[in-house]
Amino acid sequence: MGRTTGRATAVDGVLEVPVVDISDWKTGAEGDRAAIATGVDEAASTVGFMQIRGHGIPDSTVHAFADALDAFFALPLEEKKQLRSPSPDINRGYTPPRTEKLSLSLGVPAAAEDLFEAFNVGSEASSFPGLDLPEAHYPANIWPSVPGFHRAVGEWCTQAGGLAERLTEIFAHALGLAEGYFAPFTDHSLDVLRMNHYMLPDREITLDRDQMGMGAHTDYGIVTVLWADRVPGLQILDTRGDWHDVLPEPGCLLVNLGDLLARWTNDRWLSTMHRVLPPTDDNGRVIRRRSAAYFHDGNWDAEISCLPGCVPAGAEPLYPPTTVGRHLAEKLAGSRAGQLNENSPREAARLRAARND
């Protein structure tokens with residue numbers, strides 16, 4: 001177990017991200033559902049990424065969301081800076097370029113800050129009345145005064161969150177678990193939408209040797225639903241330590257698994273290392289790229305320990321139990337607060353061994 005943890009499996013030097021059509025999941029016959037679950041299991045076990053077709057999110061929702069993202073990032077930098085989070089512990093609001101080093105979340109120092117700028121919204125305590133959830137884990141969102149932004153982004157969160165929940169239903173089937181197994185772990189999930197923009201000011205043309213658009217990292221939670229431009233930049237790491245470009249197929253959303261799901265499955269499924277190179281043209285000038293990652297991370301107080309059937313007879317689980325809240329706090333202390341995460345030695349060793357050329 002754990003042999004390819006954090007790295008996708010390439011065949012003859014070629015790495016493909018499987019396409020899985022889930023359009024028949026709700027209404028298909030049992031054979032259709034089984035085929036979908038098998039496809040997800042294979043992708044999760046070998047690549048850790050998959051392309052989801054038949055997700056059901058309307059094109060109108062996608063276009064409105066992209067327009068809202070464009071309108072926000074077009075604001076003057078100083079205006080956007082007024083929307084920064086009051087503390088690195090609060091995963092909300094605006095992140096200016098060159099203020100994060102995502103590789104620190106793996107315990108690996110970075111030579112230079114990441115280039116991306118971002119804006120985060122997420123689950124609020126007020127969205128779960130009667131549960132008395134802690135504001136520290138479910139902080140209020142910070143919204144810009146951009147016409148239509150709140151509505152378009154909120155609708156995207158609803159659609160992407162619904163897809164994430166559907167995927168956890170498929171995960172349970174693929175892992176031989178009872179229907180609805182993950183629901184008690186995700187019914188007040190710490191979901192976060194991070195909207196990313198890769199575009200430097202016109203005067204910045206050259207890049208530092210070690211500059212990353214977004215540094216190498218694994219995602220922290222259960223599953224990530226990613227919308228992205230078809231612009232090169234995203235790369236995933238294979239078992240040989242080579243990086244491979246990934247572009248979303250037309251009509252598909254990229255989906256990848258996070259660290260908590262890898263822990264849950266005792267590394268049967270992969271939380272794959274990935275990074276974003278600065279998107280550049282033939283002259284080395286940084287060009288525009290947009291993406292939006294919807295992180296479905298689970299309830300803050302949910303305990304994550306190895307799932308039934310994921311530990312071989314006579315073996316011990318690879319990871320001790322943890323809670324969602326504790327795990328996310330350790331990761332965010334690295335990427336956002338600049339503290340080296342010393343709780344990810346396995347991931348750090350894999351990243352140091354990767355080939356960066």
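Helices here are DSSP runs of H or I with at least four residues, and strands are runs of E with at least two, both numbered from the N terminus. The exercises below concern a predicted model.

**Exercise 1. Describe the overall make-up of the protein chain, from its secondary structure to its surface.**

Step 1. Begin with the elements: the protein chain contains eight helices and 14 strands.

Step 2. Turn to burial, for which the cut-off is under 20% relative accessible area. Of the 357 residues in the protein chain, 55% are buried.

Step 3. Consider how contacts are spread along the sequence: among contacts with a separation of 6 or more, 80% are between residues 24 or more positions apart.

Step 4. Finish with the outside, where the accessible surface comes to about 15500 Å² and carbon and sulfur atoms contribute 50% of that area.

**Exercise 2. Work out the strand order of the eight-stranded sheet, and explain why β1 and β3 each have one side without a neighbour in the sheet.**

Step 1. Write down the order, which is β1-β2-β10-β7-β12-β5-β4-β3 in an open sheet with mixed pairing.

Step 2. Look at the ends of that order: β1 (19-21) and β3 (93-95) are the edge strands, and because each has a single partner strand, one side of each lacks a neighbour in the sheet.

Step 3. Add the twist, which averages 25 degrees from one strand to the next.

Step 4. Place the helices against this sheet. Helix α2 (residues 59-73) lies across β3, β4 (117-122), β5, β7 and β12, and runs at about 60 degrees to β5. Helix α4 also packs on the sheet, where it touches β2 (49-53), β4, β5, β7, β10 (253-257) and β12, and its direction makes about 135 degrees with that of β7.

**Exercise 3. Determine how strand β12 is paired, and whether its residues are buried or exposed.**

Step 1. Take the pairing with β5 (residues 192-198), which is antiparallel and consists of seven bridges. Within it, Tyr 198 stands opposite Arg 289 of β12, and Met 195 has Ala 292 as its bridge partner.

Step 2. Take the pairing with β7 (residues 223-228), which is also antiparallel and runs over six bridges; here Val 223 stands opposite His 296 of β12.

Step 3. Recall a general point about strands: in a regular strand the side chains alternate between the two faces of the sheet.

Step 4. Apply the idea to β12, where Arg 289, Ser 291, Ala 293 and Phe 295 point one way, while Arg 290, Ala 292, Tyr 294 and His 296 point the other way, and all are buried. The strand, residues 289-296, is accordingly mostly covered, with eight of its eight residues buried.

**Exercise 4. Characterise the packing of helix α1 against helix α4.**

Step 1. Choose the descriptors: two packed helices are described by the angle between their axes and the distance between the axes.

Step 2. Read off both values: α1 (residues 30-46) and α4 (residues 149-174) pack at an angle of about 90 degrees, and their axes lie 9 Å apart. Since angles of 65 to 115 degrees count as roughly perpendicular, α1 is roughly perpendicular to α4.

Step 3. List the residues in contact, which are Glu 30, Arg 33, Ala 34, Ile 36, Ala 37, Val 40 and Asp 41 from α1, together with Ile 170, Phe 171, His 173 and Ala 174 from α4.

Step 4. Sort these residues by character, which gives seven nonpolar, one polar and three charged.

**Exercise 5. Describe the four-stranded sheet, and then examine Asn 266 and Asp 267 in the loop that leads to β11.**

Step 1. Establish the order, β6-β11-β8-β9, in an open sheet with antiparallel pairing. Its edge strands, β6 (214-217) and β9 (243-245), each pair on one side only, and the twist averages 20 degrees from one strand to the next.

Step 2. Inspect one pairing: β8 (residues 234-237) and β11 (residues 274-276) are joined by three bridges and run antiparallel, with Leu 234 opposite Val 276.

Step 3. Move to the loop between α6 (259-264) and β11, where Asn 266 is placed. Although Asn 266 is not a glycine, its phi is positive, at about 60 degrees, and its relative accessible area of 2% makes it buried.

Step 4. Asp 267 is found in the loop between α6 and β11. This residue, although not a glycine, has a positive phi of about 70 degrees, and Asp 267 is buried with a relative accessible area of 5%.

Key:
Residues are numbered from 1 along each chain as its sequence is written. Side-chain values use heavy atoms; hydrogens and water are left out. Axes are lines fitted to C-alpha atoms, for helices over the stretch in contact, and angles run from 0 to 180 degrees between N-to-C directions. Angles under 35 degrees count as roughly parallel, over 145 as roughly antiparallel, 65 to 115 as roughly perpendicular and the rest as oblique. Contact means heavy atoms within 4.5 Å. Ala, Val, Leu, Ile, Met, Phe, Trp, Tyr, Cys and Pro count as nonpolar, Asp, Glu, Lys and Arg as charged, and the others, Gly among them, as polar. Buried means under 20% relative accessible area, exposed over 50%, partly exposed in between (1.4 Å probe, protein chains only). Two strands pair if DSSP finds at least two bridges between them. Accessible areas come from the Shrake-Rupley method with a 1.4 Å probe; for residues, only the protein chains shown count as cover.
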